[in-house]
Amino acid sequence: MTAGLREPNPRVTDTAPSHRQTASLSPLLKQATPVVVDHALGSWIHGTDGNDYLDFTTGIGVTSTGHCHPRVVAAAQAQCAKVIHAQYTTVMHPPLLELTERLGGVLPTGLDSVFYANSGSEAVEAAIRLARMATARPNIIVFQGGFHGRTVAAASLTTAGTRFSAGFSPLMGGVHMAPFPYAFRYGWDTDTAVDFALRELDYLLQSRVAPNDTAAFLIEPVLGDGGYLPTPPRFLAGLRERADAHGILLILDEVQAGFGRTGRFWGHQHADGLIPDILITAKGLASGFPISAIAAPAEIMSKAWPGSQGGTYGGNAVAAAAAIATLDVIEDEGLVENARIRGEQMLDGLRTVTAPFAQIGDVRGLGLMAGIEFVTTDATGVRTPDAAAALAVQQATTTHGLLTLTCGPAGNVVRLIPALVVTADEIDLGVSRFAAALATVLG
């Protein structure tokens, strides 16, 4: 061996590939439609196939002001030229300060402290962490059919389907589930379902989860992946009453129902006078840019332990600028009221076109959140979820130029989620195309 030289290590090989490697998306990412987007504007997606699609999915309720609203685009472009990322526990930036001030004008009374993250799952986990720290209690009660995210803790809180939480146990402990007042599933009227669900919650608090060990109730004002089920106002009021009686915090997951989607700014406002202890928001907050937040009274927020809140990308400057523009558009264009009016129009239209079909068990929703539940009914009147029919109709809507999604634990609900800017003509067109899909599949 020549002095000063080392023998080659036989375990070290040339890292340059001998051929060009290709990559693909995970096969688990199943697309709901075959559409590849070229560009999009308002309620319309224009595909690379040359076809135009009326988008009643809005990125699962994210593009609240429609695709590429000019004011949101302009705000993001302007911010990109100033600063894209300014990590908000290192340096502060004006868009986040302004957004926080603006949120103060729309948040429920008393919720005057805000923490920002990137996704709904992150915000849910921040809310749960805060609730446990603020109360020094371990347990969280969730409600059957709720969806709160896919990260481990958020999935532990999710009961909208086993696909969200199976296969990677153990899940987070301290989570307990109570019935949701799903009147259609039980075959009851709403009041009977609410009475039942509240009795079962009381029984859970007596038999399994001691109130003084319970940090929070966590619920969506409208179940999202659980089937687009509005939570009855009287049930929310019952939760507030029990939370107050036992020192339990009421957390409302407004990730999907918030920011005007239900025809009120927050979904829980359909329960007049109700105020949560912690509110979670994301999705429609910035018209497609990734940002989420939790809001709570400063007295509660200050009980979080030092270092328990943070994150590299939370409160991103471009996303914050887009969120400010989103608030401007919602206010200036009257989009909350538009969601209410167009939502009533959509539900009326859907109930009319679905009436002839025995496979349609229920048409429901609030504002621009509509769910159509497909069932089969036997000779004794027992209903069984019909996921195959729901999927076939959802696929057929794409063929007819309307983009929709399915949801529900059994996958038997088709959901329609138009943008808040949707027009009366677009609602009529969407209902017409949905009717055409029904006729194609169900005859």
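A salt bridge here is a side-chain nitrogen of Lys or Arg within 4 Å of a carboxyl oxygen of Asp or Glu. Keep that cut-off handy for the exercises below. One more thing before you start: the model you're looking at is predicted.

**Exercise 1. Work out how D328 and R102 are paired, and where each one sits.**

Solution.
Step 1: Look at the gap. The closest N and O atoms of D328 and R102 are 2.8 Å apart.
Step 2: Compare that with the cut-off. A salt bridge needs the nitrogen and oxygen within 4 Å, and D328 does form one with R102.
Step 3: Find the two ends. D328 belongs to helix α10 (residues 317–332), while R102 belongs to helix α3 (residues 94–104). With 226 residues separating the partners, the pair links distant parts of the chain.
Step 4: Check the exposure. Partly exposed covers the range between under 20% (buried) and over 50% (exposed). D328 has 22% relative accessibility, so it counts as partly exposed. R102 comes out at 24%, so it is partly exposed too.

**Exercise 2. Take the R234 and D191 pair, then find the network it belongs to.**

Solution.
Step 1: The side chains of R234 and D191 meet in a salt bridge, at 3.5 Å from N to O.
Step 2: Now place them. R234 is in helix α8 (residues 233–246) and D191 is in helix α7 (residues 190–207), 43 residues apart.
Step 3: For exposure, R234 has a relative accessible area of 37% and is therefore partly exposed. D191, at 46%, is partly exposed as well.

**Exercise 3. Decide how far apart E344 and R340 are along their helix.**

Solution.
Step 1: Find the helix. Both E344 and R340 lie in α11 (residues 335–354).
Step 2: They are four residues apart, which is about one turn of the helix.
Step 3: Their side chains meet in a salt bridge, at 3.2 Å from N to O.
Step 4: E344 has 42% relative accessibility, so it counts as partly exposed. R340 is partly exposed as well, because its value is 33%.
Step 5: Back to the network from Exercise 2: salt bridges that share partners join D191, D195 and R234 into one network.
Step 6: For the whole count, the model has 13 salt bridges.

**Exercise 4. Describe how domain 1 and domain 2 fit together.**

Solution.
Step 1: Get the bounds. The domain assignment gives domain 1 as 37–62 + 335–442 and domain 2 as 70–333.
Step 2: Their C-alpha centres lie 25 Å apart.
Step 3: Count the contacts. 32 residues of domain 1 touch 31 residues of domain 2, going by heavy atoms within 4.5 Å.
Step 4: Pick a way to express the size. The size of an interface is often given as the accessible area lost when the parts come together.
Step 5: Between domain 1 and domain 2, the buried area is about 2600 Å², and carbon and sulfur atoms give 62% of that.
Step 6: How many salt bridges are counted between domain 1 and domain 2? The count is one.
Step 7: Try a pair against the bounds. R415 and D225 meet in a salt bridge at 3.5 Å, N to O. Domain 1 includes 335–442 and domain 2 is 70–333, so with the 4 Å rule in hand you can place this pair across the two domains.

**Exercise 5. Explore the loop between α5 and β6.**

Solution.
Step 1: The loop runs between α5 (152–156) and β6 (175–178), and L171 lies in it.
Step 2: P170 is in this loop too. The peptide bond from S169 to P170 is cis, with omega near 5°.
Step 3: L171 has 32% relative accessibility, so it counts as partly exposed.
Step 4: Together, V152, F168 and L171 make a nonpolar surface patch of about 210 Å².

**Exercise 6. Is T58 buried or exposed, and what about C68?**

Solution.
Step 1: T58 is found in helix α1 (residues 58–61). Its relative accessibility is 1%, and because buried means under 20%, T58 counts as buried.
Step 2: C68 lies in the loop between α1 and α2 (70–80). At 46% relative accessibility, C68 counts as partly exposed.
Step 3: Check the backbone angles. T58 has phi near 45°, a positive value in a residue other than glycine. C68 isn't a glycine either, and has a positive phi of about 50°.

Note on methods:
Residues numbered from 1 in each chain as written. Predicted model: local features only at pLDDT ≥ 70, side-chain atom pairs only at ≥ 80, totals over all residues. Heavy atoms only, no water. Patch = residues over 30% accessible without salt bridge, like charges linked within 9 Å, V, L, I, M, F, W, Y side chains within 5 Å. Areas by Shrake-Rupley, 256 points an atom, 1.4 Å probe, with all protein chains shown as cover. Helix = DSSP H or I, 4+ residues; strand = E, 2+ residues; numbered from the N terminus. Buried < 20%, exposed > 50% of the residue type's maximum accessible area, 1.4 Å probe, protein only. Domains from an automatic or database assignment. Buried area = accessible area lost by both parts, 1.4 Å probe.
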